[in-house]
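Visitor: I am new to this structure. Could you walk me through it?
Guide: Gladly; here it is.

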2 protein chains.
Amino acid sequence: MRLLLVEDTYDMAEAIMIRLERAGAACDLARTLEQARECVAVQRYDVIVLDINLPDGLGTDLLREMRARGERTPILMLTAEFSVDDRVSSLNWGADDYLVKPFDHRELEARVRALYRREAGEKSEEVALGRLRFNPGARTLRLDDEPLPLTRREISLLEVLVRNRGKVVSKERLFESIFSFEETDVGMNAVELYIARLRKKLGETGVRIATQRGLGYRLDIDG
Amino acid sequence: MRLLLVEDTYDMAEAIMIRLERAGAACDLARTLEQARECVAVQRYDVIVLDINLPDGLGTDLLREMRARGERTPILMLTAEFSVDDRVSSLNWGADDYLVKPFDHRELEARVRALYRREAGEKSEEVALGRLRFNPGARTLRLDDEPLPLTRREISLLEVLVRNRGKVVSKERLFESIFSFEETDVGMNAVELYIARLRKKLGETGVRIATQRGLGYRLDIDG
DNA sequence: GCAGGGGTGACAGCTTGATGACAGTTTCTC
DNA sequence: GAGAAACTGTCATCAAGCTGTCACCCCTGC
């Protein structure tokens with residue numbers, strides 16, 4: 001999941017970043033509205049977490065601009081205190097959810113995940129893949145009820161492939177979903193590496209990753 | 001698709017070229033207005049991507065010249081920052097679209113493709129060819145829902161034939177749509193080769209490539 | 001039957017992807 | 001906090017697939 005966090009206070013931003021990254025998101029941070037605009041122009045995000053109070057304007061401005069352009073990226077607003085005004089105007093302008101600070105981090109994680117899931121139209125959290133069952137929220141994979149341990153990166157990769165199972169996903173797209181701008185010096189070879197590692201772990205489970213030369217990879221399920 | 005990119009900054013040009021070429025376009029690069037004029041004089045393009053700020057003038061000058069000559073080649077303008085002036089004058093002078101830098105590369109790809117498609121008057125992205133379905137954007141071909149893998153060149157060739165299905169396309173025209181000036185040392189035999197390879201892959205799918213001796217090739221659909 | 005364009009198999013060079021080994025880093029455990 | 005274990009990403013090497021040339025054959029229309 002590629003995520004943009006727009007939040008100016010250092011401590012808050014840091015805390016949220018750490019949590020979301022641990023939860024497997026490739027997470028970019030913007031400290032100002034201006035930075036956020038640049039990020040949004042260059043990168044497509046799965047979810048945006050947007051603070052309302054920013055040094056150079058209101059988060060709702062960005063929200064409004066994006067919706068005016070027809071961008072439907074799920075956006076979760078953060079508001080410093082419970083303000084009926086903020087809430088009403090946010091939802092009016094097309095925010096998908098909002099959260100009042102201070103909040104429980106697990107709450108934020110759950111809501112972000114819900115937005116991400118809703119975007120893909122998945123109803124339940126767990127996805128059945130032949131003999132495998134994948135739970136992106138809990139970040140677990142099981143083979144016939146037996147846990148099959150994967151690392152953070154492997155799960156991030158698998159998550160994108162599962163969301164697009166049966167369809168080809170380009171290597172660039174996979175890269176963007178796994179690595180944030182901060183990790184931009186990572187080579188494209190890393191994607192190939194994790195594909196290889198995933199393949200090895202998936203083994204003969206009936207789930208395969210097919211290579212489409214020059215186009216990308218596709219997750220196929222036997223039977 | 002034969003495309004001209006007019007862009008002076010090296011990195012930007014490089015990045016765009018790589019993307020568009022991977023997307024199957026035969027892509028010429030002009031670093032100056034002067035170079036661009038030469039290209040346009042010599043070669044017919046399907047789409048032109050034109051930066052406004054160039055070392056020896058404004059992209060809008062070229063736009064104006066071409067429109068004055070009655071050339072209707074789809075042109076997408078690139079502008080360094082959001083300037084209402086640029087936008088208004090570009091669209092006034094007959095630009096077909098514009099994009100503000102920085103942008104998401106997929107956005108550029110999608111817009112270029114939209115212009116190309118519009119030029120041919122295609123409404124939807126996917127084209128039905130008997131039992132085959134061809135999606136030039138995703139660059140996929142399917143036979144009864146089964147993917148039929150083609151290589152980059154094969155798809156580029158097929159794309160031109162499909163756009164002109166039922167009509168004869170000259171070998172020179174096919175050559176120009178597949179190879180850019182940089183690949184000009186490639187022999188005309190290469191077109192024949194790819195025709196042969198395409199024929200082999202198409203097999204008995206009801207889509208045939210007929211040879212019109214001395215004139216070119218024509219894509220026919222049975223039934 | 002002959003001239004010239006077109007078709008095609010074989011091949012060599014190149015690009016892209018796969019993978020083992022390794023070193024730096026983080027995380028876990030005691 | 002020290003040591004161990006696991007995770008990450010780079011590099012080098014290997015394998016597979018794509019590309020375009022060549023050579024040679026086959027048609028087709030005179």
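Guide: One term before we start: a residue is near a strand if one of its heavy atoms lies within 4 Å of it. Keep in mind that this is a predicted model.

Visitor: Of the 21 residues around DNA strand C, which come nearest?
Guide: Both protein chains take part. Chain B supplies Lys171(B) and Arg213(B) to the nearest group. The others in that group are Lys171(A), Thr211(A) and Tyr217(A).

Visitor: Within 4 Å of the protein, what share of the atoms of DNA strand C belong to sugar or phosphate?
Guide: The atoms divide into bases on one hand and sugar or phosphate on the other. Bases make up the rest, once sugar or phosphate has taken its share of 67%.

Visitor: Which residue has a side-chain N or O atom 2.6 Å from a base nitrogen of DNA strand C?
Guide: Set the phosphate contacts aside. Thr211(B) has a side-chain N or O atom 2.9 Å from a phosphate oxygen of DNA strand C. Gly214(B) places a polar backbone atom 3.2 Å from a phosphate oxygen of that strand. The base nitrogen pairs with a side-chain atom of Arg213(B).

Visitor: Which element gives the most to the surface near DNA strand C?
Guide: By class, that surface has five nonpolar, six polar and 10 charged residues. The most, six residues, come from H8(A).

Visitor: Where does the domain assignment place domain 2 of chain A?
Guide: Chain A is assigned two stretches, and domain 1 covers 2–120. The centres of the two domains, taken over C-alpha atoms, are 26 Å apart. Domain 2 covers 127–221.

Visitor: About how much area do domain 1 and domain 2 of chain A bury between them?
Guide: Start with the contacts: 17 residues of domain 1 touch 13 residues of domain 2. Carbon and sulfur atoms hold 45% of the buried area. The two domains bury about 1300 Å².

Visitor: Which residues of domain 1 of chain A lose the most area to domain 2 of chain A?
Guide: Three residues stand at the head of that side. Together they account for 37% of what it buries. They are Arg2(A), Arg113(A) and Tyr116(A).

Visitor: Which residue forms a salt bridge with Glu119(A)?
Guide: The rule finds two salt bridges across the interface of the two domains of chain A. A salt bridge needs a side-chain nitrogen of Lys or Arg within 4 Å of a carboxyl oxygen of Asp or Glu. Here the closest N and O atoms are 3.4 Å apart, and the partner of Glu119(A) is Arg163(A).

Terms used:
Residues numbered from 1 in each chain as written. Chains lettered and ligands numbered in written order. Predicted model: local features only at pLDDT ≥ 70, side-chain atom pairs only at ≥ 80, totals over all residues. Heavy atoms only, no water. Polar contact = N/O pair within 3.5 Å; in protein donor to acceptor, adjacent residues only side chain to side chain. Helix = DSSP H or I, 4+ residues; strand = E, 2+ residues; numbered from the N terminus. Nonpolar A, V, L, I, M, F, W, Y, C, P; charged D, E, K, R; others polar. Domains from an automatic or database assignment. Contact = heavy atoms within 4.5 Å. Buried area = accessible area lost by both parts, 1.4 Å probe.
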